[in-house]
Amino acid sequence: MASKNIIIDEMEKAELKSHLLDFLQQHAGIEVSNRENFRCLNPAHEDSSASMHYYDSSDLVYCFGSCRKSYDIFDCIGFTYPKARGSYAAQVKIARELYGNAAACLSLSAKEAKPKGSAADKAKELP
């Protein structure tokens, strides 16, 4: 299966990653507490005890069980949505559907904020 090329810049990636807590609570059905662990989302990890913890400071979850790995929102989307398993492009697409395409919004606001011309250009327009 050929994967689609996906273009995502670091600003958009960071913006989408910042929604991990929201994703866990609203889409993965996880009740997240700063002090308590929860069942690992990785379907390859048959977790019978709460072994995953959410870290607000890094927007990551870490599995203390058999995984011994950190996961970001894209990984968690892949665990939660079978059609996105193993496909970064599909994970980014779902993140954008859930939380908006931050790059497009940022690019649009930059265009709106850009001045229409320099002072010299404006002076030329004056009679």
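## Cysteines without disulfides

The structure holds zero disulfides. Cys40 is not part of one, although its nearest cysteine sulfur, on Cys63, is 3.8 Å away. Seen from the other side, Cys63 is likewise in no disulfide, and the sulfur of Cys40 is its nearest at 3.8 Å. Why do these two not count as a pair? A disulfide here needs cysteine sulfur atoms within 2.5 Å, and the sulfur of Cys63 is 3.8 Å from that of Cys40. Please keep in mind that this is a predicted model.

Are these cysteines buried or exposed? Cys40 is buried, with a relative accessible area of 5%. Cys63 is buried as well, and its relative accessible area is 0%.

## The chain as a whole

Let us step back for a moment. The protein chain has six helices and three strands, and along the sequence they come in the order α-α-β-β-β-α-α-α-α. Of the 127 residues in the chain, 32% are buried. Looking at contacts between residues at least 6 apart in sequence, 42% join residues at least 24 apart.

## The nonpolar core

The largest nonpolar core contains 27 residues, and the members that touch the most others are Leu24, Phe38, Met52, Val61, Tyr71 and Cys76. Helix 2, strand 1, strand 2, helix 3 and helix 4 each give two or more residues to this core. As general background, nonpolar side chains in soluble globular proteins tend to be buried together.

Met52 is a good residue to click on. Beyond its neighbours within four places in sequence, Met52 contacts the run Asn37, Phe38, Arg39, Cys40 and Leu41, along with Val61, Tyr62, Cys63 and Tyr71. Both cysteines discussed above, Cys40 and Cys63, are thus among the contacts of Met52.

## Tyr71 in strand 3

Tyr71 sits in strand 3 and counts as buried because its relative accessibility is 6%. Setting aside residues within four places in sequence, Tyr71 is in contact with Leu20, Asn42, Met52, Leu60, Val61, Cys63, Cys76 and Phe79. Which of these partners gives the Tyr71 side chain a polar contact? The side chain of Asn42 does, at 3.1 Å.

Asp59 is twelve residues from Tyr71 along the chain, and their C-alpha atoms are 8.9 Å apart.

## Val32 in a loop

Val32 lies in the loop between helix 2 and strand 1, the latter spanning residues 52-55. Its relative accessibility of 13% means that Val32 counts as buried. Not counting residues up to four places away in sequence, Val32 touches Leu21, Leu24, Gln25, Phe38 and Tyr54. Leu24 and Phe38 have already come up, as core members with the most contacts to other members.

How far apart are Val32 and Tyr54 in space? Their C-alpha atoms are 7.3 Å apart, with their positions 22 residues apart in sequence.

## Helix 3 and its surroundings

Helix 3 covers residues 73-80, and six of its eight residues are buried, so the helix is largely enclosed by the rest of the structure. The buried ones are Ile73, Phe74, Cys76, Ile77, Gly78 and Phe79. What do they pack against? Their partners are helix 1 (10-17), helix 2 (20-26), strand 2 (60-63), strand 3 (70-71) and helix 4 (88-99). At the start of helix 3, a side-chain oxygen of Asp72 comes within 3.0 Å of the backbone nitrogen of Phe74.

## Helix 3 meets helix 4

The axes of helix 3 and helix 4 approach within 9 Å and cross at roughly 100 degrees, which means that helix 3 is roughly perpendicular to helix 4. On the helix 3 side the contact is made by Ile73, Phe74, Asp75, Ile77 and Gly78, and on the helix 4 side by Tyr88, Gln91, Val92, Ile94, Ala95 and Tyr99.

Gln91, in helix 4, is worth a closer look. Gln91 counts as buried because its relative accessibility is 8%. Apart from residues up to four places away in sequence, Gln91 touches Phe74, Asp75, Ile77 and Gly78, as well as Ala84 and Gly86. A polar atom of the Gln91 side chain lies 3.1 Å from the backbone oxygen of Ala84.

Note on methods. Residues numbered from 1 in each chain as written. Predicted model: local features only at pLDDT ≥ 70, side-chain atom pairs only at ≥ 80, totals over all residues. Heavy atoms only, no water. Buried < 20%, exposed > 50% of the residue type's maximum accessible area, 1.4 Å probe, protein only. Helix = DSSP H or I, 4+ residues; strand = E, 2+ residues; numbered from the N terminus. Contact = heavy atoms within 4.5 Å. Polar contact = N/O pair within 3.5 Å; in protein donor to acceptor, adjacent residues only side chain to side chain. Core = buried A, V, L, I, M, F, W, Y, C linked by side-chain atoms within 4.5 Å. Axes fitted to C-alpha atoms, helices over the stretch in contact; angles between N-to-C directions. Parallel < 35°, antiparallel > 145°, perpendicular 65-115°, else oblique.
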